[in-house]
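Could you walk me through this model, stop by stop, while I have it open in my viewer? Tell me what to select next and what I will find there.

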There are 4 protein chains.
Amino acid sequence: MIVVLEPDCSLKNKAGVVRFIESHGGRLLVSEIGNETQIGLIGNEAQALAEELEGMPGVAQIQAVAPPYPQVSRDHHPEPTEVRIGDVRIGGHEVVVMAGPCAVENEAQLESVGHAVAAAGARMLRGGAFKPRSSPYSFQGLGEEGLVLLAAVREQTGLPVVTEVVAPEDVDLVGRYADMLQIGARNMQNFRLLSEVGAQARPVLLKRGISSSIEELLLAAEYVVAAGNPQVVLCERGIRTFETTTRNTLDIGSVPVLKGRTHLPVIVDPSHAAGDRELVPHLARAAVAAGADGILVEVHNDPEVALSDGAQSLTLDGFSAMMDELRRVATSVDRHVAVPSASQTKA
Amino acid sequence: MIVVLEPDCSLKNKAGVVRFIESHGGRLLVSEIGNETQIGLIGNEAQALAEELEGMPGVAQIQAVAPPYPQVSRDHHPEPTEVRIGDVRIGGHEVVVMAGPCAVENEAQLESVGHAVAAAGARMLRGGAFKPRSSPYSFQGLGEEGLVLLAAVREQTGLPVVTEVVAPEDVDLVGRYADMLQIGARNMQNFRLLSEVGAQARPVLLKRGISSSIEELLLAAEYVVAAGNPQVVLCERGIRTFETTTRNTLDIGSVPVLKGRTHLPVIVDPSHAAGDRELVPHLARAAVAAGADGILVEVHNDPEVALSDGAQSLTLDGFSAMMDELRRVATSVDRHVAVPSASQTKA
Amino acid sequence: MIVVLEPDCSLKNKAGVVRFIESHGGRLLVSEIGNETQIGLIGNEAQALAEELEGMPGVAQIQAVAPPYPQVSRDHHPEPTEVRIGDVRIGGHEVVVMAGPCAVENEAQLESVGHAVAAAGARMLRGGAFKPRSSPYSFQGLGEEGLVLLAAVREQTGLPVVTEVVAPEDVDLVGRYADMLQIGARNMQNFRLLSEVGAQARPVLLKRGISSSIEELLLAAEYVVAAGNPQVVLCERGIRTFETTTRNTLDIGSVPVLKGRTHLPVIVDPSHAAGDRELVPHLARAAVAAGADGILVEVHNDPEVALSDGAQSLTLDGFSAMMDELRRVATSVDRHVAVPSASQTKA
Amino acid sequence: MIVVLEPDCSLKNKAGVVRFIESHGGRLLVSEIGNETQIGLIGNEAQALAEELEGMPGVAQIQAVAPPYPQVSRDHHPEPTEVRIGDVRIGGHEVVVMAGPCAVENEAQLESVGHAVAAAGARMLRGGAFKPRSSPYSFQGLGEEGLVLLAAVREQTGLPVVTEVVAPEDVDLVGRYADMLQIGARNMQNFRLLSEVGAQARPVLLKRGISSSIEELLLAAEYVVAAGNPQVVLCERGIRTFETTTRNTLDIGSVPVLKGRTHLPVIVDPSHAAGDRELVPHLARAAVAAGADGILVEVHNDPEVALSDGAQSLTLDGFSAMMDELRRVATSVDRHVAVPSASQTKA
């Protein structure tokens, strides 16, 4: 249930509504969208309370929650949201490319990759310091040491950093080093973590779960926004299907579907979908042509010895070649991909 | 088992090999690829015979079948195949657009659509006369009457016709009217039908089954080619997954995967994947950007009253607008989409 | 749209309704279910005609088609159907076990398996003479020679024969030898074939497609019944999912779902679902416990040398042991599995 | 890489091996299985170090990790593990039924359900106090208040309590009230949470993720065991497929597959798989027949008003009737389901 208050509802009336709900044992969640105030009624008594609330002063209407993600939906927010990280804007005219290694391994690797992707036109640096791995015996990332390296290469290249956070108790730590916090596919329904990144100020990159529906992805984004953080970028990265020639099946149709349902930006990770670097540029071109607002891609200076996901990481030359292709495709759909400038390669 | 004969193997030696196999109860399948002769050994005795054949005159080698689709594989045929229908060539520089209604309904409809798509740059006319439908109570197509209409509109527009054949006993009939025979997704593993279209001369458009792997699609194509018809075009049209916001999930990755494994052309049907006309141009652009050799798309002069698949059919204006977009995307990947000319709209 | 006529509607009134529909360009499909006559209205004009038909003499009501498989639905036919093959009844108290090799290979094999399964309590003999195979180079079955062997072993053991038919033009041939015609998973939506087996008198075993929904399975059964043959048995045999430790994923829930929606019997094929003989008895027991009316299982006298599906075929001893287990489980759910008798092993 | 030490390896030698690895920059993970010590070598240097370690005193062998879940695999631990919760043993002769509401709602509800399921033969009480929900606006559980109620009903009925924990920081809290900690499907790859429940003493019920492979489930269990807790029970609860007539598709084949690969007990949750109470007893019977060691099932005293999952919750009478069925099926496979006794209903 959503209680929509009148646009000019007085503070006194607002407080009255909230007090009424709380005194009757209801749980609630208040959100301000533009000048409209919505109160989400949750739990037990919602239906009963809703009926009584209908006539209270200041209440415009009671809505069954449809769609169930009111804050990320385009219904009440038709203009696209631009998410800003420093001078980078995701969701505008530019198709933003974020590139870097799957996992941060050491200083030499990260510097090599960071400078190369900056020189080729990447606008953000990606790299995992905390790696969720299926096996307890696989490399789990360098942890804070990796974050330090990411911050150092940001200083050298000027590229803002996006990196994954895997547990609520790490959010503060990661936020001290990173410019954008990534929620990985396996944690898309780690609701405690979603609420935690929703309660801090960094923009969030939310990856679709490997077997999550589009509706579930939008609901996960709603968790973040409902907790107070409207700066969310969604990322399609391939879903699990019966087909095994690619690591996952890139659901390219999710790009226009999501863009139709939400005002949040939508980017694509072709690396995890492909699982094979030969395929990555094809998927990246397709994503740009389909309307994606950005590309998140794995690049490694020496993929053969990468600690994780080497097979799907582009080489430095491969990345540069792909960027040339993406620039042309972006132009053909009236978007653009950055041309590298001196400021991006100041080291 | 594949018995590969020496390039200069004499007819006498070839006959000796065949006679030996047959006299020992083996079944075989001979194919000539370029100047190489391959004999597929099938059934019971293959392994035993293979060993004896190894030393026979004219035999170059015995191969375990890997990949199991030797004739459609790029291994022995690295150059891409161009399939020709009249002056249309699929698999070359041009991205060929085939357009028309899902089902042929009547003369007025087909003429309206046919002229419009020709005027917008389509190179072939599609339309179903025999419709496989999940329910026995759904419209099953006009049958031969539909074929007559297709042929008539071909005369008016100059566009060659591709249409579906659903049963072995209809192959002759459909072949008298159509320029290219389509095998629909539900019949991708109707092996008798595959063999039948493999034994006639018209090029074949083979659609991927809704839940068929890429390997199974290539094996289905091998059935057609092994029966004698090398003119096969493959078509990705979406697969069945857990996601339901699109009718099917377009497996965009299948385009580069297939292009890497086979020399046959690969096209994409965005209409069945999308199930919603708003999404079709996005998927079509993605397909061209990913390297598809063509697009097969549903267009209707009045989608609201279409007898089947109205929701996913483009309007005439929508098709024309999409063609403008595809021309730009094609150019960005060094391909081209036809610009309409007088000869295509001679009516 | 379904036009339901009054139970005592005169022939004259029936003819009047049909004539009216045809004279207005409607297409129709008449079916008699018990003493009720239903006319399926299809195509373009259905909605418009339906309104005019509402007041005609003899018309009881006009129904939107819900469910879309009126003849196989339990809605109009709540009592379960028993399908009879000789003295075997599927859909009654007995859980009927059909067993035999995947493919008929030769006389010795079939006799060995046939006698052994009869002696262990199987009630029907299965075995493929026409095998649909993914690869054109795989063993495709013995054809009519296989049918002759099946009929011979039926004479020896008294077990009726069920075997697959893969093309419309083979229906007569297979029907001359077999007691029940099987439609394989790959042909579940070969609608021409469904209509053809619907137009002959042998009972039909209809296997669910590897990626077909339960709704599509019921619609496929409706094709057979609508063509005149009410003797249809449905078979769950595993669906294609992301999980690969089993060949397919047995959808055990489909058994109670189907039993709730249709009056037709439902059996389970644990062999194709498992792909591994170790797993087969577990799945068979589960199927009986879940309410299946029968089990279709592959058994081979020497699985290691089977021409197809050897890995999933039970040995003769394994089959006998499984039958003992199934008898106990069947008893626990108030059903029974046959105990072998002299009449079943008359050779 | 797994370094296996000799059974009688001295502490000094163990320390030497560990020191060697650490001094060369390796990361490691030590686990004691019975009297065998295994050291998992992870990260970068594993291969290089492994070679040098081969000759060190105390080292028995170096194994490539195959299977990648050495501690939960049957390879080194062929006898089944029994997990004990009070006097309940999971993994032995008894098929253990755990029953209760999806969510703990209030005292009256939980007492009503608790006494009823105890009286019908349930051996453990389930009920969610922390509920992971797709929507931020759905009821998220009573939290600690729910735990208090669960503990109170345990006192009344004698049934040990299993309940879900959703975040690492809640593990201590939940462990103070519950006898067994459940990891829900959405958290199966929340590796931090897995490690946390692995580092405490309560047994763990690990549910398979909705789209997780059997291999991934075993790796998740390995996380728990590798962190020090060998008391893990696996739970199949349905996977996400294209079929939508059931909420999920119960992968019944996973029961024998898992039992073949791991020594850990395997139970089945028919409620989440079915999504419809009519189907639950069918799936539960199938699970017992297939070899499951237990059943986890949702029961509600008034399902129509349940705050979550009402449609799939059994009524009290329905549960009792199902228990009678399960007793018979269990007997047919030489297992047993508890008959209620005075001690279980001491209130």
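Begin by selecting D:Asp170, keeping in mind that this is a predicted model. Is D:Asp170 buried or exposed? It counts as buried, because its relative accessibility is 8% and the cut-off for that class is under 20%. You will find D:Asp170 in the loop of chain D that runs between strand 9 (161-164) and helix 5 (171-177). Now show its surroundings: leaving aside residues up to four places away in sequence, D:Asp170 touches D:Phe130, D:Val165 and A:Arg192.

**Across to chain A**

Keep A:Arg192 on screen and add D:Glu169. The side chains of D:Glu169 and A:Arg192 form a salt bridge, with 3.4 Å from N to O. Zoom out for a moment, and the count over all chains in the whole structure is 68 salt bridges. The pair you have selected joins two chains, because D:Glu169 sits in the loop between strand 9 and helix 5 of chain D while A:Arg192 belongs to helix 6 of chain A. How accessible are the two partners? D:Glu169 is partly exposed, at a relative accessible area of 42%, and A:Arg192 is also classed as partly exposed, at 25%.

**The interface of chains A and D**

Next, colour chain A and chain D separately and look along their boundary. Here 42 residues of chain A contact 42 residues of chain D. Together the two chains bury about 3,500 Å², with carbon and sulfur atoms giving 52% of that area. To see where chain A contributes, select A:Pro136, A:Tyr137 and A:Arg192: these supply 22% of the area that chain A buries against chain D, more than any other three residues.

Turn on polar interactions, and this boundary has six salt bridges as well as 21 residue pairs in polar contact, both residues at pLDDT 80 or more. Which elements of chain A give two or more residues to the side that touches chain D? They are strand 2 (27-33), strand 3 (36-42), helix 6 (191-198) and helix 7 (214-226). Helix 7 of chain A has the largest share, with five residues. If you colour this side of chain A by class, expect 19 nonpolar, 14 polar and nine charged residues.

**The interface of chains C and B**

Hide chains A and D and bring up chains B and C. A rotation of 180 degrees, with 0.1 Å of shift along its axis, lays chain C over chain B at an RMSD of 0.2 Å. That is how a two-fold axis relates its copies. To locate the axis, centre on C:Ser211, whose C-alpha is the nearest to it in chain C, at 2.9 Å. The copies meet through the same surface, because 100% of the interface residues of chain C are also interface residues in chain B.

In this pair, 41 residues of chain C contact 43 residues of chain B. The area buried between them is about 3,500 Å², and carbon and sulfur atoms give 52% of it. On the chain C side, select C:Pro136, C:Tyr137 and C:Arg192, which lose the most area to chain B and together make up 22% of what that side buries.

How many salt bridges link chain C and chain B? The count is six. One to display is C:Asp170 with B:Arg192, whose closest N and O atoms are 2.4 Å apart. Helix 7 of chain C gives the most to the side that touches chain B, with five residues. By class, that side of chain C holds 18 nonpolar, 14 polar and nine charged residues.

**A pair inside chain B**

For the last stop, stay in chain B and select B:Arg126 and B:Glu298. They form a salt bridge, the closest N and O atoms being 3.9 Å apart. This pair links distant parts of the chain, 172 residues apart: B:Arg126 is in strand 8 (residues 124-126) and B:Glu298 in strand 14 (residues 294-298). Switch to a surface view and ask whether these two are buried or exposed. B:Arg126 counts as buried, because its relative accessibility is 4%, and B:Glu298 counts as buried at 0%.

Methods. Residues are numbered from 1 along each chain as its sequence is written. Chains are lettered from A and ligands numbered from 1 in the order in which they are written. This is a predicted model: local features need pLDDT of at least 70, side-chain atom pairs count only at pLDDT 80 or more; totals for chains, interfaces and linings use all residues. Side-chain values use heavy atoms; hydrogens and water are left out. Helices (H or I, at least four residues) and strands (E, at least two) are DSSP runs, numbered from the N terminus. Buried means under 20% relative accessible area, exposed over 50%, partly exposed in between (1.4 Å probe, protein chains only). Contact means heavy atoms within 4.5 Å. Copies are superposed by least squares on the C-alpha atoms of residues with pLDDT of at least 70 in both. Buried area is the accessible area (1.4 Å probe) that two parts lose on being put together, summed over both. A salt bridge is a side-chain nitrogen of Lys or Arg within 4 Å of a carboxyl oxygen of Asp or Glu. Ala, Val, Leu, Ile, Met, Phe, Trp, Tyr, Cys and Pro count as nonpolar, Asp, Glu, Lys and Arg as charged, and the others, Gly among them, as polar. A polar contact is a pair of N or O atoms within 3.5 Å; within protein, one must be able to donate a hydrogen and the other to accept it, and residues adjacent in sequence count only if both atoms are side-chain atoms.
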